[in-house]
Amino acid sequence: MSHDMNLTLQVWRQKNAKAEGGFQTIKAQAISPDMSFLEMLDVVNEEIIKDGKDPIAFDHDCREGICGTCSMVINGRPHGPKERTTACQLHMRSFKDGDAIAIEPWRAKAFPVQKDLVVDRGAFDRIIAAGGFISAPTGTAQDANGLPIAKENADLAMDAAACIGCGACVAACPNASAMLFVSAKVSHLGLLPQGQPERFIRVRDMVAQMDAEEFGTCTNHGECEAACPKGISLENIARMNRDYLKGKLIERPAVAGGGGV
Amino acid sequence: MELNANIPDGPIEQKWDKHRFDMKLVNPANKRKYKVIVVGSGLAGAAAAASMGELGYEVECFCYQDSPRRAHSIAAQGGINAAKNYRNDGDSVQRLFYDTVKGGDFRAREANVYRLAQVSVNIIDQCVAQGVPFAREYGGLLDNRSFGGAQVSRTFYARGQTGQQLLLGAYQALERQIGLGTVKMHTRHEMQELIVIDGKARGIVTRDMVTGEIESHLADAVCLATGGYGNAFYLATYAKGCNGTAIWRAYKKGAAFGNPCYTQIHPTCIPVTGDHQSKLTLMSESLRNDGRVWVPKKAEDCGKKPGDIKEEDRDYYLERKYPSYGNLAPRDISSRAAKQVCDEGRGVGPGGRGVYLDFKDAIARLGKAKIEEKYGNLFEMYERITDENPYATPMRIYPAVHYTMGGLWVDYNLMSTVPGLFVLGEANFSDHGANRLGASALMQGLADGYFVIPYTIGNYLAANKGAKVAADHPDVKAAEAATKERNARLLAVNGKETPTYFHRELGKILWEHCGMARNEAGLKKALQLIPELRARFWKEVRVVGTGDELNQSLELAGRVADFMELGELMCLDALERRESCGGHFREEWQTEDGEAQRDDENFAHVAAWEYTGEGKAPIRHVEALAFENVHLATRSYK
């Protein structure tokens, strides 16, 4: 039978986007090793509420490691010490009695803190809106088996599509670059035949939006891949760079609209 | 209140075609003059918002998450059904229709289910066109598997992440429309009230979850795609944020609530470990294709390690009781069977609430590599949560609340009893009867969003261009005031217990008395306990902070307050449905061998509840279900 633990948390507290933040020391007592990291925070928050104080605000939703909502840096690592594991799937058995644990929000200019550990990741949505899609309005599709796709490409596309959009890659990068996130979507769609017509315009538009959001540049540290809970590969960045280069070389001025009657 | 299902005339296979022709159209140039609100951005909501944006309507979409990509549709693992018959194994629209009506224990509306089966084939086409990376074979064509008790292989999947990939497809289509300016997205906004003017839905009141601002949004029609209410049970496989507030607020404004007692308890979830448990995690039921479910034959063996229990001392109870379906028996049946063996004292693991799901034979037959290829990510997830290696020792599983078949009542056009209020996906009651089959939730969400609402909304709007509503209309102001008053009341109680405490207590009452098995005495007890708990909530809850900031404790308190009312209606509906059907098992109505016993004479109907005011008993209306194409039969999987 495993024993309960007592821990000391150093948690980033910040009232809102404009306020100054700072670390607060909070005791976490009688923590079971079977709890998830977020359940540990739940227990701590219950006590804080009973004291009439402001509980630690943190983002979370599915608690199954798939929605990408949870987002916290634990002891300097996005999502904590366990590889390929989101914070919600991290369990307290990864810690031991008496540990001190530092908990911070994602730190990146493009992800402003909204409160405590909650950040605004709207920049990711805007990058997708800029081009991270295949234009296929409802009703336009041909029969699904009309377009065979080599299994290898389908599998590679799926590997890239497994990205949960959590932003750990940005938080881990010394430059706060979003290249792994963007390249995962560029690869997912660019590897499929359906994605070919927009392949080069897609990468140009997504990169332009990424730059506009003030994410940093990629200098090949590889921290993003190490922090990614879904194991998204750096290979995607190489693929995106190739497509971007080619896309820039073949870019032509926009043709004036020819839609008139 | 009158329930008119508006089912088109004619033979079932021609109803939808005929209806599409009969419905009015909105001129393309006029579409931009109509505004539609979509609440929720899961499969149904994102698909609806994107498709209506593409058509040219002015759409505003709302979600409580920080991005529309995060809705809980994302967590569906197993797959999506479609009557493509790519396997040449005897599938057809007719068979998918039949399986769904039978699987729902003959409590769904035939015409809706038939349409669902018809459009299922278009969904797969649409998703592939968007770039959804479904599993493929070496020839490049799509792979299928058999799922959830179906005898044909009609389930399409993307590893164990089908929901994620389908949602990303819909999300990308939605983001494209956002980029094009046809859809305006409001993230971190929670709907708090429905605005009804002259009897029609004309807008919603929301709370900005970052600033706390209460805002009104006005439109010509409102679509709710806010998912199910299973979190009423506290412990469920839902995301923590899933809630029943939007549909409950709509119910209180006149939308009838259909079959609130129909909840699905999924048989394969990871068991509870302790009081700290905040949610339950599902293990895809695709695991039952290769795993064998068993418990010890003798209660005294339960403490032993599973490897030490001899083959002859194991009871493979699903294979024993249901030889033709075995481990693939439908969800309601498998869940009840697990409860039964645990009630007999033969459960395993902490508290004796668990059964084994064993892959030993499958590993011996197919090899570890094959099992890893099929279920690797699920095995990893199991190990991460339990610290046990399922390749070496059997998984432990137990049923958990997973889905609600009940929801707001809608007609064939997906319109509720409030004109202009449409309800899509899990939030409505329509297609699954008393039990949903595996891989059918994704199908229904996308069918409603991509292929039903884009047609039926036009039919409504063409006939209902109402006058513009002024922002200071008295009904708008009243809805805003009600929202502010409610939040202020929650903040003012200043008691001693947290909102989570009350949520957990409510969950215990519902699980005990309105869970896998129900009876009259238990339901009556719950109907006494819930109002007592609710009264305590309003006296003793403690909500800290203010309404003008990001305040997760206030968000939760508001949701729990609604669950405490909704939970009561669930129990009332379960009490009044004096039969057993699908997920609703009333102990008084069972066959000699413990199977559900329907009462078709008295209960082949939908119960739709009408709100009549605070503290007053709701009225139970009935929509009779006609079975003209599928013969009512006892559902047998033996």
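Biologist: How many helices and strands are there in chain A?

Modeller: Helices (H or I, at least four residues) and strands (E, at least two) are DSSP runs, numbered from the N terminus, and by that reading chain A has eight helices and seven strands. This is a predicted model, in which local features need pLDDT of at least 70 and side-chain atom pairs count only at pLDDT 80 or more, while totals for chains, interfaces and linings use all residues. Residues are numbered from 1 along each chain as its sequence is written, chains are lettered from A and ligands numbered from 1 in the order in which they are written, and side-chain values use heavy atoms, with hydrogens and water left out.

Biologist: What share of the residues of chain A counts as buried?

Modeller: Buried means under 20% relative accessible area, exposed over 50%, and partly exposed in between (1.4 Å probe, protein chains only). Of the 261 residues of chain A, 56% fall in the buried class, and the C-alpha atoms of this chain fill a box of roughly 70 × 40 × 35 Å along the principal axes. If a contact is taken as heavy atoms within 4.5 Å, then, among the contacts in chain A with a separation of 6 or more, 69% come from residues 24 or more positions apart.

Biologist: Which parts of chain A does the salt bridge between A:Arg13 and A:Asp116 tie together?

Modeller: A salt bridge is a side-chain nitrogen of Lys or Arg within 4 Å of a carboxyl oxygen of Asp or Glu, and the whole structure holds 71 of them over all chains. In the pair you name, the N to O distance is 3.2 Å. A:Arg13 lies in strand E1 (residues 5–13) of chain A and A:Asp116 in the loop between strand E6 (113–115) and strand E7 (118–119) of chain A, so the bridge ties together parts that are 103 residues apart in sequence. A:Arg13 is buried, at 14% relative accessible area, and A:Asp116 is buried too, at 2%.

Biologist: Is A:Lys96, another salt-bridge residue, buried or exposed?

Modeller: A:Lys96 is exposed, at 58% relative accessibility, whereas its partner A:Asp99 is buried, at 17%; their closest N and O atoms are 3.7 Å apart. In chain B, salt bridges also link B:Asp105, B:Arg107, B:Arg577, B:Glu579, B:Arg598 and B:Asp600 in a network. One of these residues, B:Asp105, follows helix H3 of chain B and has a positive phi, near 55°.

Biologist: Which elements cover the buried residues of that helix, H3 of chain B?

Modeller: The cover includes helix H1 (12–22), helix H4 (110–130) and helix H11 (441–463) of chain B. The buried residues of H3 (residues 93–103) include B:Leu96, B:Phe97, B:Thr100 and B:Val101.

Biologist: In what order do the five strands of the open sheet in chain B stand?

Modeller: Strands of a sheet pair through backbone hydrogen bonds, either parallel or antiparallel, and two strands count as paired if DSSP finds at least two bridges between them. Here the order is E5-E2-E1-E9-E17, and the pairing is parallel. Strand E5 (183–186) and strand E17 (421–423) of chain B stand at the edges with a single partner strand each, so one side of each has no neighbour in the sheet. With axes taken as lines fitted to C-alpha atoms, for helices over the stretch in contact, and angles running from 0 to 180 degrees between N-to-C directions, neighbouring strands are turned by 20° against each other on average, direction ignored. Four bridges join E1 (residues 35–39) to E9 (residues 221–224) of chain B, and B:Val36 has B:Ala221 as its bridge partner in E9. Helix H11 of chain B lies across E1, E9 and E17, at about 150° to E9.

Biologist: How many residues does the largest nonpolar core have?

Modeller: A nonpolar core is a set of buried Ala, Val, Leu, Ile, Met, Phe, Trp, Tyr and Cys residues joined through side-chain atoms within 4.5 Å, and the largest one has 224 residues, B:Leu224 being among those with the most contacts inside it. Helix H15 (residues 552–576) of chain B gives the largest share of this core, 12 residues. Among the residues that B:Leu224 touches are B:Val39, B:Ile247, B:Leu421 and B:Phe422.

Biologist: How many disulfides does the structure hold?

Modeller: Taking a disulfide as a pair of cysteine sulfur atoms within 2.5 Å, the structure holds zero over all chains. For A:Cys70, the nearest cysteine sulfur is that of A:Cys88, 3.9 Å away, and A:Cys70 is buried, at 5% relative accessibility.

Key: Lists of a residue's contacts leave out its neighbours within four places in sequence.
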